[in-house]
Amino acid sequence: MNVKDFEYIAQLLYQRSGLVITQEKAYLLESRLNPVARKWDLDGFEALISAMRSKQDEGMIVDVTEAMTTNESFFFRDNRPFEQFKDIVLPYLLEARKTAKKLRIWSAASSSGQEPYTIAMILKEEAAKLAGWNVEILATDLSKEILSKAQEGLYSQFEVQRGLPITLLMKYFTQDGEKWRINDDIKKMVTYRPFNLLDSPSGLGTFDVIFCRNVLIYFDQETKGQVLDRMAKIMPGDGYLYLGGAETVLGISDSFEVIPGQRGVYRLTGSDATEDRKAG
Ligand SMILES: C[S@@+](CC[C@H](N)C(=O)[O-])C[C@H]1O[C@@H](n2cnc3c(N)ncnc32)[C@H](O)[C@@H]1O
């Protein structure tokens, strides 16, 4: 691929999704874009890039942007953050919101649904404590294609084997041929909609908990900081933010701070100590 084509595609991906693609990762373009080229009846990814440059076809640009996203996800990913959510954050919020009885959770890069369904299963397991509550789980992603997989809620044996306890598989999934379908009562707890993290989330309302896991890693420092600062604006003072294991707020955004003794979960800078929160 010539330098001009690479620069064109790298800049387009950065503008459309925040993805930073370096020359060393240029090989990814070939493997991910060849199927898109086939879909558009073009002879390989280089022909696709040159068609994009000449036609500026929005559908083609969306297909290319979505194809370059990494959608890997699994249920109870890293386990510990979800245990922490169940054991510390949820009990705190149950107490702190006991009058309003309202809870809003955002899975901000939900991919194929494993993350929002993990949250839904945790909440379902605590259903007795949430009787009479209005609980909303909003799941968003840039990729409409991956959102339709999430909405379908159909997973391979391999996907359900990664992280999902067998008891929850038996309880909340039904076998469908060689696959497993998430039950309607869990599916109904999650609302899906497309959303680009480069946009302002102010129209989404406020969230007590935001899961923004394993997506900031694809962005540069500036974009990471902007995404985090915008999220801080739609959280109450005692909200919680979960990031992935390879992500942090440190040196990126002053809006959030580390919660001492906790990994992967952050609070707004200057808000209450978690110890106080635990006491309700
Ligand atoms: C690796 S997956 C993470 C899934 C899940 N959060 C987890 O931790 O398992 C990253 C997801 O981020 C989405 N994504 C990438 N850039 C995005 C953007 N600018 N706005 C919204 N979602 C984006 C991708 O489509 C992909 O589904």
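**A walk through the model**

Start with the whole protein chain on screen: of its 280 residues, 37% count as buried. Keep in mind that this is a predicted model.

Still looking at everything, switch to a cartoon view. You should find 12 helices and 10 strands. The radius of gyration is 20 Å, close to the 19 Å that the globule rule gives for 280 residues, so the chain is as compact as a globular protein of that length. Turn it around, and the C-alpha atoms fill a box of roughly 60 × 50 × 30 Å along the principal axes.

Next, colour by domain. Select residues 3-67 for domain 1 and 80-278 for domain 2. Their centres, taken over C-alpha atoms, sit 30 Å apart. Where the two meet, 5 residues of domain 1 are in contact with 9 residues of domain 2. The side of domain 1 that touches domain 2 has 2 nonpolar, 2 polar and 1 charged residues.

Now zoom in on helix α4, residues 58-67. Which of its residues are buried? Pick out Asp 63, Val 64 and Ala 67. Look down the axis of α4: these buried residues fall within an arc of 95°, so they line one face of the helix. Show α2 (26-39) and α3 (45-55) too, since the buried residues of α4 pack against both.

Last stop: the ligand. Select the 23 residues around it, and look for Thr 69, Ser 73, Ala 109, Ser 111 and Leu 142, which come nearest. Colour that shell by class and you get 7 nonpolar, 11 polar and 5 charged residues.

Key. Residues numbered from 1 in each chain as written. Predicted model: local features only at pLDDT ≥ 70, side-chain atom pairs only at ≥ 80, totals over all residues. Buried ≥ 20, exposed ≤ 12 C-beta atoms within 10 Å, placed from the backbone. Helix = DSSP H or I, 4+ residues; strand = E, 2+ residues; numbered from the N terminus. Arc of directions from axis to C-beta. Contact = placed C-beta atoms within 7 Å. Near = placed C-beta within 6 Å. Nonpolar A, V, L, I, M, F, W, Y, C, P; charged D, E, K, R; others polar. Domains from an automatic or database assignment. Rg over C-alpha atoms; globule rule 2.2 N^0.38 Å.
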